[in-house]
Amino acid sequence: MIRKLTYAALSGTLLFSANALAEDEITQQYIDTLAELGYPEPKESELVHIPPTMEDLEDASLHPELKRVIRRGYDLFTNTQQLRGENVFNNMNCSSCHLGEGRMPFSAPIWPAAVTLPNFRGKNAHVNNLEERIAGCFTYSMNGKPPEYGSDNMVALSAYHQWLATDVPMYPQQPIYGRGFPAPERPEELSYARGEAAFQEKCSACHGNNGEGLRVDDQTVFPATWGDMSNNWGAGIVRVFTAAGFIKNNMPLGQPNSLDDQEAWDIAYYMSNQERPQDPRYTGDIKETLEQTREPFHKHSMYGQARETDGHVLGDHSNLGEKSFLKPDTVRPRTFE
Amino acid sequence: MKKIPGILAALGLATCSAYVLAEVDGDAERGAAAAGVCAACHQADGSGKNVPGGESWPRLAGLDAAYIAKQLHDYQSGERSNASMMPFANMLNEQQIADVAAYYASLAATQGSGGEGADETTLKRGKQLAERGDWSSYVVSCKSCHGPGNQGAGEVFPGIAGQHAGYIETQLQAWKAGARENDTQDLMGSIARRMSDDDIHAVSVWLARQNSAAN
């Protein structure tokens, strides 16, 4: 109750109407459902937002043409493979990582990007807007080439993000409940062997013994967790804590929070020790690339490190996966001068 | 299905490990003969039968061979229990299980029934659950494991589009009640337990009306 009221006060709609009370109840129910699934309850200061569903879109009083574009954004988000060979060069869909159509808390819900950007991002050291943020996913997680800024597909994807943020104030002051993939506390030791055993036991039925995932009729059922058909070395999820957070909060599918913290971290560590396509920021030299990207990024990944089992230096190759270029031209510095 | 690794067969290990048993090579022609006893319920064309108010017999035609073989093994071991099915499963030896599974997998998938006459609201809800799920109660879509068109994905996730509504509904209810537990890592059980009876019914009738095979 308090949480919702705090949020309502900030958005300037604190009304003690029957409507507001009904909304409180809905929020409480939402939180209760998440708590039953093992997620933490929101802290009093946190912003809780329940994004609208596609059913809500039908009832919304928006221009029919906008609804059509939002639907297209939804369709691209949940079936990104329709851009295979054009923008996407691996087996990923946006919804492979952002579960629940980008709406689920603790599964990097996508609406926060719409209300917190433009903002400075450490990863590329300049101010990014929503389109550039989405372009980042295409560049790294889809090992691809982003749709052009301002193109139909980019506008549609942005519209879907922004619409999910309906009623949330821009640049909210409060921390956002369930943002990102919050990692459980890092255990003292991570084990490759334990991670491998746990992966084979709990992940391989869907993701395969070699992390290859499963495709049926040229569609992705289960995404590849490493290898050419997975995200490249520049994707956020190559950071061990991000992978651990994703796994703990979302895997196995339908059983969030069922793995203990040690298991989630061990599996993440094992995954992070496998090969995948080169980081688009690669300079041609692994050491130099690591120097340039370590602080904002790769200090959390295994990139450039020797794998403990065989001494293989991870990422020391020029394999680009299915694509024929290293770096899309959207990966560039901005100075605003 | 893969063949028994020759070296294991030579060492006489082929009959004493569950792993190797699953690798017995099935022969659809031999399976056709062995399947004679199955036809009484599952029908000669493997289409099974939807039996309103009674026990529906699943369509087996076109299902994945490894999936069928696993179910038969599970009936034998008691991992999966069904009074009608158990005596028949127990009649089959390892080779016959592989053969029967190969036989049914080789048949053209037939269409389901039991979804006739469902109202529009029910079908709309069923379609949503099957294709998109309902994340507000963490019910992931059927499609996310059962594959494109819910026509099956690999050895673990059977085709459920075009399966009989009565069978799907009974199975989901069995998972929900804990009476069926032979799924990999409780993947189905954990979802079924979050589904209301209405949702189970809705998704069953919707799936029964869908195409069982891509063509």
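**Exercise 1. Is Ala177(B) buried or exposed, and why?**

*Solution.* Start by locating the residue in this predicted model: Ala177(B) sits in helix α10 of chain B, which covers residues 165–177. Next, count its surroundings: there are 11 other C-beta atoms within 10 Å of Ala177(B). Then compare with the cut-off, where 12 or fewer such atoms make a residue exposed. Ala177(B) is therefore exposed. As an extra step, try a distance: Gly159(B) is 18 residues away from Ala177(B) in sequence, and their C-alpha atoms are 22 Å apart in space.

**Exercise 2. Describe the make-up of chain B: how many helices and strands are there?**

*Solution.* Begin with the elements: chain B has 12 helices and zero strands. Read from the N terminus, every entry in the series is thus an α. Now turn to burial, where 48% of the 215 residues of chain B count as buried. Finish with the contacts: taking those in chain B between residues at least 6 apart in sequence, 68% join residues at least 24 apart.

**Exercise 3. Work out how α11(A) and α12(A) pack: at what angle do their axes cross?**

*Solution.* A handy reminder first: two packed helices are described by the angle between their axes and the distance between the axes. Here, helix α11 (residues 240–250) and helix α12 (residues 261–272) of chain A have axes that come within 8 Å and cross at roughly 130 degrees. That angle makes α11(A) oblique to α12(A). For the handedness, α11(A) passes α12(A) in a right-handed crossing.

Now list the partners. From α11(A), the residues Val240(A), Ala243(A), Ala244(A), Ile247(A) and Lys248(A) take part. On the α12(A) side they meet residues including Trp265(A), Ile267(A), Ala268(A) and Met271(A). Sorted by class, this contact has 10 nonpolar, one polar and two charged residues.

**Exercise 4. Which residues have the most contacts inside the largest nonpolar core?**

*Solution.* The largest nonpolar core holds 98 residues, and those with the most contacts inside it are Tyr160(A), Ile247(A), Ile267(A) and Ala268(A). Let's follow Ile267(A): beyond its neighbours within four places in sequence, it contacts Gly195(A), Ala198(A), Phe199(A), Cys203(A) and Ile247(A). Another core, of 23 residues, lies apart from this one, and its members include Leu63(B), Ile68(B), Leu72(B) and Ala105(B).

**Exercise 5. How many residues of chain A are in contact with chain B?**

*Solution.* Counting both sides gives 16 residues of chain A in contact with 17 of chain B. Strands β3 (214–216) and β4 (219–222) of chain A each supply at least two residues to the side of chain A that touches chain B. By class, that side has eight nonpolar, five polar and three charged residues.

Technical notes. Residues numbered from 1 in each chain as written. Chains lettered and ligands numbered in written order. Predicted model: local features only at pLDDT ≥ 70, side-chain atom pairs only at ≥ 80, totals over all residues. Helix = DSSP H or I, 4+ residues; strand = E, 2+ residues; numbered from the N terminus. Buried ≥ 20, exposed ≤ 12 C-beta atoms within 10 Å, placed from the backbone. Contact = placed C-beta atoms within 7 Å. Core = buried A, V, L, I, M, F, W, Y, C linked by C-beta atoms within 7 Å. Nonpolar A, V, L, I, M, F, W, Y, C, P; charged D, E, K, R; others polar. Axes fitted to C-alpha atoms, helices over the stretch in contact; angles between N-to-C directions. Parallel < 35°, antiparallel > 145°, perpendicular 65-115°, else oblique. Left-handed = near helix turned anticlockwise from the far one by under 90°.
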